[in-house]
Amino acid sequence: MNGYIFDWDVVGRALPSMIQGLGVTLQITVITIVISMILAIPVAVGRMSKIEVIRWTAQGYIEIFRCTPLLVQLFWIFYALPALTGVTLPGYASAVIALTANLTAFMAETYRSGFQSVPVEQVEAGRMLQLSRFQQLRYIIVPQAMRQQLPVILSLNISLFKDTALVSTIAVADLMFISNTISAQNYRALEIFTLAAFIYFAIAFPVSLITSAIERRMQNTSGPGFKPGPSLLARMMPGTKVAATKVAAS
Amino acid sequence: MSRHSTPAPARSTDLQQKGTQMTTPVHAPVSTGTGQVLVSARGLQKSFHDRAILKNVDFDMRIGDITVIIGKSGSGKSTLLRALAGLTDPDDGVITFDGKTVFADKKRTKDWGAVSSEVGMVFQAYTLWPHMNVLDNMTLAPRKTRGMAASEARDRAEAALDEVGMKHHILSRSTQLSGGERQRVAIARALMMKPKLILCDEITSALDPPVAAEVLDVLRRLKEEDGIAVALVTHDMAFASKAADRVVFFHNGEIAVNTTPEMAFENCDNPDLQKFVDAVRF
């Protein structure tokens with residue numbers, strides 16, 4: 001430890017401010033996820049459109065946001081966009097816009113892959129039963145695609161939660177910004193950033209466990225004769241091997 | 001039979017045989033139905049990437065008939081089914097359903113929408129929506145497309161499931177059913193829309209023979225009790241010989257033989273059909 005004495009008092013004093021910062025982080029995360037999950041549907045549908053202009057526009061959008069760093073996107077919206085439009089956005093709004101635009105691109109690709117994983121026969125069965133294109137999407141494709149892609153969607157959301165730390169660079173008072181400020185005031189970087197890391201971990205780890213559990217459950221529920229197995233909690237634990245209970249196909 | 005009130009114009013080319021290989025004697029149709037033509041296709045053509053899949057196909061189906069369509073993979077039988085179902089448009093030709101022209105001049109006519117709900121289709125696999133239980137699978141379309149009340153839809157679902165012997169599974173998830181059970185529910189789901197024609201694309205190919213027999217029994221009952229016409233693409237020659245009213249043999253995108261099961265399997269001198277039947281039997 002290089003003779004360093006860990007000061008627990010610093011942790012206690014910094015915690016209330018950092019929890020406030022966590023509130024901002026969670027706010028940005030939730031708003032971004034909700035908007036992205038909705039916006040990604042039309043983008044994904046556009047990406048699969050038979051009309052070239054729509055397809056190329058959707059793909060262009062996705063590629064721009066997938067292939068440039070999130071920090072550059074954030075700075076571009078906060079610093080460059082005002083130069084272009086003359087409108088200066090507050091840091092919070094810039095952060096939400098940049099993160100939403102970025103997550104929407106990734107989410108749209110996830111949706112598209114999910115949509116395309118739905119067997120064409122199921123969509124055609126809907127067509128044969130007179131369901132409209134929208135109804136096919138609403139009742140057949142989206143529920144299955146969501147279910148299929150849920151682990152990926154949750155992973156993207158975990159990444160987004162961690163990536164919100166970047167908004168501290170445009171002076172949004174999130175957990176990372178508060179941590180940085182406190183650390184600059186008391187020179188206790190080890191305590192403060194360890195605490196910050198712990199808080200991020202405490203939020204992200206349970207979601208990661210749930211993601212793993214859902215993934216395992218999905219692997220086990222395919223095929224005929226599935227019967228629900230052990231509880232979600234049992235399946236959540238890392239490395240847990242849970243065999244699905246099957247009944248003999250009649 | 002009362003559902004089929006519109007008499008369709010009788011076509012004279014029901015038993016056409018095409019090409020130079022056509023040597024099978026032509027016989028009158030053996031039908032348990034009224035003899036009225038329900039579906040008629042004339043000069044159907046369809047190509048994919050310059051490969052002709054349907055070459056000027058003429059085809060008739062009568063009310064209450066089971067027509068078994070056989071042929072090698074890629075011979076055009078599934079494409080014909082998809083064209084009749086409206087899942088793919090022919091490049092050319094005319095399709096008439098229940099006396100109404102629904103496809104002509106390379107496009108669907110205004111009558112298409114009205115009759116498309118009278119055609120049901122069951123697929124080879126992935127037939128049910130796995131995220132729903134049997135009841136939801138059955139009632140989604142009637143509720144959403146016809147505004148049927150949930151209670152009425154449930155009653156109708158119970159009746160349709162009863163018809164295929166699956167009523168006790170009404171609340172089961174589709175993933176809990178065996179392959180044969182899923183196909184029977186898929187047939188019942190098609191019945192919910194009260195079709196006059198059910199198209200079945202190799203629905204028994206992934207099933208064990210006894211399970212396939214159960215599914216085929218259901219189709220036979222529908223034909224006998226409800227007068228529903230069934231077009232069935234299959235490689236099950238046992239079923240084709242027992243239950244089919246007509247056997248249509250596709251070869252290279254053309255209907256090479258269109259006759260009775262007896263003629264097709266016992267007295268046929270079409271070499272391609274003989275070769276195909278021998279290959280499938282053994």
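Tutor: Helices (H or I, at least four residues) and strands (E, at least two) are DSSP runs, numbered from the N terminus, and on that count chain B has nine helices and eleven strands. Residues are numbered from 1 along each chain as its sequence is written, while chains are lettered from A and ligands numbered from 1 in the order in which they are written. This is a predicted model, in which local features need pLDDT (the predictor's confidence in each residue, from 0 to 100) of at least 70 and side-chain atom pairs count only at pLDDT 80 or more, whereas totals for chains, interfaces and linings use all residues.

Student: And how many helices and strands are in chain A?

Tutor: Chain A has nine helices and two strands, and along its sequence they follow the pattern α-α-α-α-α-α-α-α-β-α-β.

Student: Which elements of chain A have the lowest and highest mean pLDDT?

Tutor: Strand β2 (residues 245–246) of chain A has the lowest mean, 37, and helix α2 (residues 52–66) of chain A has the highest, 96. Over residues 242–250 of chain A the pLDDT is below 50, and this stretch has 22 contacts in the model beyond near neighbours in sequence, a contact being two residues whose C-beta atoms, placed from the backbone, lie within 7 Å. For chain A overall the mean pLDDT is 87, with 87% of its residues at 70 or more. Where pLDDT is low, the predicted coordinates should not be read in detail.

Student: OK, new topic: how many residues does each chain bring to the contact between them?

Tutor: Chain A and chain B bring 22 residues each. On the side of chain A that touches chain B, α5 (120–128) and α6 (133–163) of chain A each supply at least two residues. By class, that side has eleven nonpolar residues (Ala, Val, Leu, Ile, Met, Phe, Trp, Tyr, Cys and Pro), seven polar and four charged, where Asp, Glu, Lys and Arg count as charged and the others, Gly among them, as polar.

Student: Back to chain B. In what order do the strands of its open sheet of six run?

Tutor: The order is β7-β8-β9-β3-β10-β11 in chain B, with mixed pairing; two strands pair if DSSP finds at least two bridges between them. At the edges stand β7 (119–122) and β11 (254–259) of chain B, and because each has a single partner strand, one side of each is left without a neighbour in the sheet.

Student: How many bridges join β3(B) to β10(B)?

Tutor: Five bridges join β3(B) to strand β10 (residues 246–251) of chain B, and the two run parallel. Thr67(B) stands opposite Arg246(B) in β10(B). Helix α6 (residues 209–226) of chain B lies across β3 and β9 (229–233) of chain B, at about 155 degrees to β9(B); such angles run from 0 to 180 degrees between N-to-C directions, with axes as lines fitted to C-alpha atoms, for helices over the stretch in contact.

Student: One residue, then: is Val134(B) buried or exposed?

Tutor: Val134(B) is buried, because 26 other C-beta atoms lie within 10 Å, and a residue is buried at 20 or more such atoms, exposed at 12 or fewer and partly exposed in between, with C-beta atoms placed from the backbone. Val134(B) lies in helix α3 (residues 134–146) of chain B, and the residues it touches, leaving out those up to four places away in sequence, include His169(B), Leu171(B) and Val185(B).

Student: Where is Ile63(B)?

Tutor: Ile63(B) sits in the loop between β2 (51–62) and β3 (66–71) of chain B, and it counts as buried because it has 25 C-beta neighbours inside 10 Å.
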